[in-house]
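I set out to look up the ligand surroundings and the chain contact in this entry. My notes follow in the order in which I worked.

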Amino acid sequence: MSDWVTHEHDVVVIGAGGAGIRAAIEASASGARTALICKSLLGKAHTVMAEGGMAAAMAHNDDRDSWKVHFADTMRGGQYLNNWRMAELHAKEAPERVRELEAWGAVFDRTKDGRINQRNFGGHRFPRLAHVGDRTGLELIRTLQDHCVHKGIDVYMETTVSALLQDSPGSRVLGCVGYDRQTGQLHVWHAGAVVLATGGVGKAFKVTSNSWEYTGDGHSLAYHAGAELMDMEFVQFHPTGMVWPPSVRGILVTEGVRGEGGVLRNKEGRRFMFDDIPDNYKPSTADNEDEGWRYVTGDKSARRPPELLTRDHVARCINREVKAGRGSPHGGVFLDVSWLKSKMKDHEAHIKKKLPSMYHQFITLAGVDITREPMEVGPTMHYIMGGVRVDGDTQMSSVDGLFAAGEVAAGLHGANRLGGNSLSDLIVFGKRAGEFAARFAREKGAPRAGNAAIDAAVRTTLEPLARPDGREGPYQVQYALQEVMQGVGIVREEKEMAQAIEGIEALKPRAAACSAPKGRAYNPGWHTALDLRHMLTCAEAIARSAIERKESRGAQFREDFPKKDDANFGTFNHVVRKGSDGRMQVSRRPLAPIRDDLKQVIEENKNI
Amino acid sequence: MSSGKVITHIPESGRDAIFRVWRGDSTAGQFVDYKIRVQPGMVVLDAIHQIQAEQANDLAVRWNCKAGKCGSCSAEVNGMPRLMCMTRLDMLDLDMPVIVEPMKAFPSIRDLVTDVSWNYAVKKRIRPFRPRKPDAPDGTWRMQQDDVDRVQEFRKCIECFLCQDVCHVLRDHHKHDEFIGPRFLVYSAALEMHPLDAEHRVGDLKNEHGIGYCNITKCCTKVCPEHITITDNAIIPLKERVVDEFYDPVTRLFRIFRPKKA
Ligand SMILES: Cc1cc2nc3c(=O)[nH]c(=O)nc-3n(C[C@H](O)[C@H](O)[C@H](O)COP(=O)(O)OP(=O)(O)OC[C@H]3O[C@@H](n4cnc5c(N)ncnc54)[C@H](O)[C@@H]3O)c2cc1C
Ligand code: SF4
Ligand code: SF4
Ligand code: FES
């Protein structure tokens, strides 16, 4: 098996979550010979886990909604570091993409008049999330999967891409190299264009809602190919992950619980979210429990309960309660929907209908019946806003022929993502990436990568297998990295981050030396050894960007710089690239001046 | 799959337990015992991961979400088809070795990983969703919640293939060429009962997909982790449609004057 199998395609899509499948469908529809490669089985990607819904201003539940309000909400949530062009396209195109899913067989929950029902979510002014109970991601991925299997796309399941092909760093990407996880068979894909849709980086962190697939492969492949990463300091901690039992720590509890009226309390029973409402959200946030409840039931004159403030803020409030000794027995706070029994007759059936998988998850994994008792929750690493810097219209990175869409791309969410804006991101920009990748391949043809490039990529891939047995195993290094990254967590501080950077540097040689014997056929040790490089690259980019941003903004909270500093830090994005000496460089890229009409939209929506 | 009763109390300080895990590939294999220290709240998948991290780096297992949402971690635990991530250790008798083996209805690849590609091939053979023309003024459709409840039940399927694993038509009689199995009967039902769908699949169900092989033993319904009422809500109504269409002259006559879906 020293050889490899060679394939030729116009477009190769790496990753089969919502973004990847949508990209493949579009590329194939425009006539490109398309391949779709993924580490898991088709339909099992991270997208399947998404719960709450996808944001699209269809105005079904409140006719005051429009793309303009969605755009303004997204920019405010992102603290104005967003790529405004992406925020504009996203707000404008999401409704059409959602309706397209319905035409492909998706079955969303319905309004009384038979349209797609939309629910409330943090940071969205109007009910905007199209959803299916609390399993929206499953509906999205299954609809796309079932649609794509009839489109003549070549699917390579349980296959990991380990390197991109190019003649020299920074030059056009010409394909990729990878291995079949089951057999260890190597593959070489020649391609006119490559789309990264590999998702996030959560496995570099100790407490996370992310699965084993989230090792930052796409971020790192792009970086080592010479592309720029952007906004890597912005890592979203979701306020509500499970905290007990230990083996499920970090698993997500959907924001939909709060959207349906769930409230947060500390051990004294206090709804502590009322204690700290940021000034810019005061006009739109309820200041008493009664008004909050009226909002949940659809009263248009009522303002949002503070539990639905943006994730960064809610997560920090929970952190504060726990640190102050007001937390729950296992180090979280209480999230309660069982209190709905005081508001409705059949609260049990209502909760089970609206939040079926949450009910199931808690009764099975924690032995807690959420219709009767509160859950214990605490912050969990959830999402990375940072990623490959792309062109807003085409999704092409700073390297020719390399595109990115979904969580691996940066720009739409700025300093903080609103819930529900990811699933819509996937379908809006997945489609665009597929479309423009196909066009690029068509216009630019498909020159082949040279043998030297292929040999080098294959060598990197097989390297861990060749190291002598008896050295340190890759899992130990991964655990060590997760400990190190505790220093770049939800509350950050200069000295801890400097230590984390040292820690990452110290781990690099250990990762490069760890051994993974036992052959190529399904060898998770080998796979982890290869993933380590990606995780370390992402961890370093996060830490180096975070330490340079000496202010608190969006998802980044600095204890040593607790205030936002618009004058000094509100004017640029951090960009990370690999220097010619192989070292990581962080630089500032000034924000593009925003178009006048969009500026006006933001102004109009500022104080509502 | 219910949350189950606590059978073994695991103390806060943990306790020892033995896992008898099937190791091997399509050619040969055997059970190997691993002794590990287990903690309260652990599930079978945690135990397998602990073994993988501490004693057998190359132990092959599929998983993704660890929350019963992706349907990757299907296996047989003490002979019961289960999601490993949703099977708590305290529901098992830990005084006995816990037996963990791959699904039996599919070929082995390695250790706990089986070749489920047949399922993907089957799905391709089922006629895809084909909506009727949009009929609402805004160019979309209207559907009432009541009309989609049933289809939403079927669409909860996480494709864990545990129902395929227990169905005797596949497991014991190996009719993989003639019978699509409960998962794809649910899939067909979701399409057939979709208020917008205009495709016809009843002929295929009878002739190509072997719905007649199902003799309603309900084993599939019992193992479904999503609690989909596979037999009563999906298979039996489909069987009725087959009867209506092929064996009952009166309804067939009616059909000529009535659109397929009201
Ligand atoms: C529990 C949970 C709940 C969420 N709920 C919501 C929600 O309600 N609303 C919302 O908008 N967002 C939600 N999110 C966020 C959202 O689900 C994700 O950001 C989104 O699904 C990412 O989709 P993606 O297409 O970018 O990547 P993914 O769906 O993660 O897919 C990544 C794909 O890339 C593949 N891949 C990765 N590396 C490689 C490689 N080296 N070679 C080959 N393939 C590779 C993987 O196998 C996978 O197929 C949630 C996230 C989580 C974890
Ligand atoms: S009810 Fe039918 S499909 Fe289900 S297990 Fe029995 S024979 Fe198989
Ligand atoms: S119907 Fe149930 S048991 Fe069968 S594959 Fe789907 S979720 Fe699994
Ligand atoms: S790991 Fe997803 S269902 Fe078990």
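How many residues surround ligand 1, and which are the closest? I note beforehand that the model is predicted. I counted 42 residues around ligand 1, and I listed A:Gly15, A:Gly17, A:His46, A:Gly199 and A:Gly406 as the closest.

I then asked which elements of chain A give two or more residues to this shell. I found helix H1 (18-29), helix H4 (136-148), strand S7 (159-166) and helix H11 (421-444) of chain A. The largest share, four residues, comes from H11(A). By class, I recorded 21 polar, 16 nonpolar and five charged residues around ligand 1.

I turned next to ligand 2. Here I found 13 surrounding residues, with B:Cys167, B:Pro182, B:Cys214, B:Thr217 and B:Cys220 as the closest. The elements that contribute two or more residues to the shell of ligand 2 are helix H8 (219-223) and helix H9 (230-247) of chain B. I sorted this shell into nine nonpolar, three polar and one charged residues.

Last, I looked up the contact between the chains. Chain A enters the contact with 47 residues and chain B with 43 residues. On the side of chain B that touches chain A, I noted four elements by name: helix H1 (44-54), strand S6 (108-110), helix H2 (117-124) and helix H3 (145-154) of chain B, each supplying at least two residues. H3(B) gives the most to that side, with four residues. The residues of chain B that touch chain A comprise 19 nonpolar, 13 polar and eleven charged.

Technical notes: Residues are numbered from 1 along each chain as its sequence is written. Chains are lettered from A and ligands numbered from 1 in the order in which they are written. This is a predicted model: local features need pLDDT of at least 70, side-chain atom pairs count only at pLDDT 80 or more; totals for chains, interfaces and linings use all residues. A residue is near a molecule or strand if its C-beta atom, placed from the backbone, lies within 6 Å of it. Ala, Val, Leu, Ile, Met, Phe, Trp, Tyr, Cys and Pro count as nonpolar, Asp, Glu, Lys and Arg as charged, and the others, Gly among them, as polar. Two residues are in contact if their C-beta atoms, placed from the backbone, lie within 7 Å.
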